[in-house]
Amino acid sequence: MITEHEAYKRINEIGGIAEERNEKTYAWFRTIITISVGLMGILISFKSDDTTSSLKSLFFVITISSLGLGILFSLIFLLAEVNVLNRTMKNRTKYLFSRLDGKDKLEIEKILPATFYRLAYTLSFIFYIVALFSLIGYGIVDEIKNIC
């Protein structure tokens, strides 16, 4: 049987792993946001005023709007970090007060981002994938027309 001290130690190890995973996820999102904002700026600034095909214009609009929505939902997901930390603080305060009241039981704390933030996480991936494919389409549509 495991002692309470050892259980706390194992829970803290698991918590440390979860925190490290979350830090890496948030760092990855910050990097993607930075790259996306730069790409959007480059695409808009180098967009020529030449009359282009309607298909190329459609790919451009889809790319820009998908990048914008990907950035928006990524920023919303980054707010999940603050949300989880706030809820963790509330849980730990509640646990401390219950311990002070003499309730001496081991509680496992697992706090996930709210559904809204998990949805933002999924939507950001979807919009980045759409932006990637529409950017590819934007880049090759004229070349395909030249071949055909």
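Contact here means that heavy atoms lie within 4.5 Å of one another, and in this predicted model that is the sense in which the buried residues of helix α1 pack against α2 (54-100) and α3. The buried residues in question are Ala7, Tyr26, Phe29, Ile32, Ile33, Ser36, Met40 and Leu43.

Helix α1 itself covers residues 4-45. Its 42 residues, taken at 1.5 Å a residue, should span 62 Å, and because the C-alpha atoms at its ends are 61 Å apart, the expected and the modelled spans agree. The same kind of reckoning can be made for α2, whose 47 residues should span 69 Å, and there too the end C-alpha atoms, 69 Å apart, agree with the expectation. Just after α2 comes glycine 102, which takes a positive phi of about 95°.

How, then, is the pairing of two helices to be described? Two packed helices are described by the distance between their axes together with the angle between those axes. For α1 and α3 (residues 115-147), the axes come within 13 Å and cross at roughly 35°, and the crossing is left-handed. On the α1 side the residues that take part are Thr25, Trp28, Phe29, Ile32, Ile33, Ser36, Leu39 and Leu43, and they meet Tyr121, Ser124, Phe125, Tyr128, Leu135 and Tyr138 in α3. Sorted by character, the residues of this contact divide into 11 nonpolar and 3 polar, with no charged residue among them.

Within α1 the reader may also look for glycine 41, whose place is in that helix. With a relative accessible area of 37%, glycine 41 is partly exposed, because its value falls between the 20% below which a residue is buried and the 50% above which a residue is exposed. The C-alpha atom of glycine 41 is separated by 9.5 Å from that of isoleucine 64, although these two residues are 23 residues apart along the chain.

The path from α1 to α2 runs through a loop, and serine 53 lies in it. Is serine 53 buried or exposed? Its relative accessibility is 16%, and because buried means under 20%, serine 53 counts as buried. Its side chain reaches the backbone nitrogen of lysine 56 at 3.1 Å. When residues up to four places away in sequence are not counted, serine 53 touches Asp142 and Lys145.

Conventions. Residues are numbered from 1 along each chain as its sequence is written. This is a predicted model: local features need pLDDT of at least 70, side-chain atom pairs count only at pLDDT 80 or more; totals for chains, interfaces and linings use all residues. Side-chain values use heavy atoms; hydrogens and water are left out. Axes are lines fitted to C-alpha atoms, for helices over the stretch in contact, and angles run from 0 to 180 degrees between N-to-C directions. Helices (H or I, at least four residues) and strands (E, at least two) are DSSP runs, numbered from the N terminus. A crossing is left-handed if the near helix is turned anticlockwise from the far one by less than a right angle, and right-handed if clockwise. Ala, Val, Leu, Ile, Met, Phe, Trp, Tyr, Cys and Pro count as nonpolar, Asp, Glu, Lys and Arg as charged, and the others, Gly among them, as polar. The expected span of a helix is 1.5 Å times one less than its number of residues. Buried means under 20% relative accessible area, exposed over 50%, partly exposed in between (1.4 Å probe, protein chains only). A polar contact is a pair of N or O atoms within 3.5 Å; within protein, one must be able to donate a hydrogen and the other to accept it, and residues adjacent in sequence count only if both atoms are side-chain atoms.
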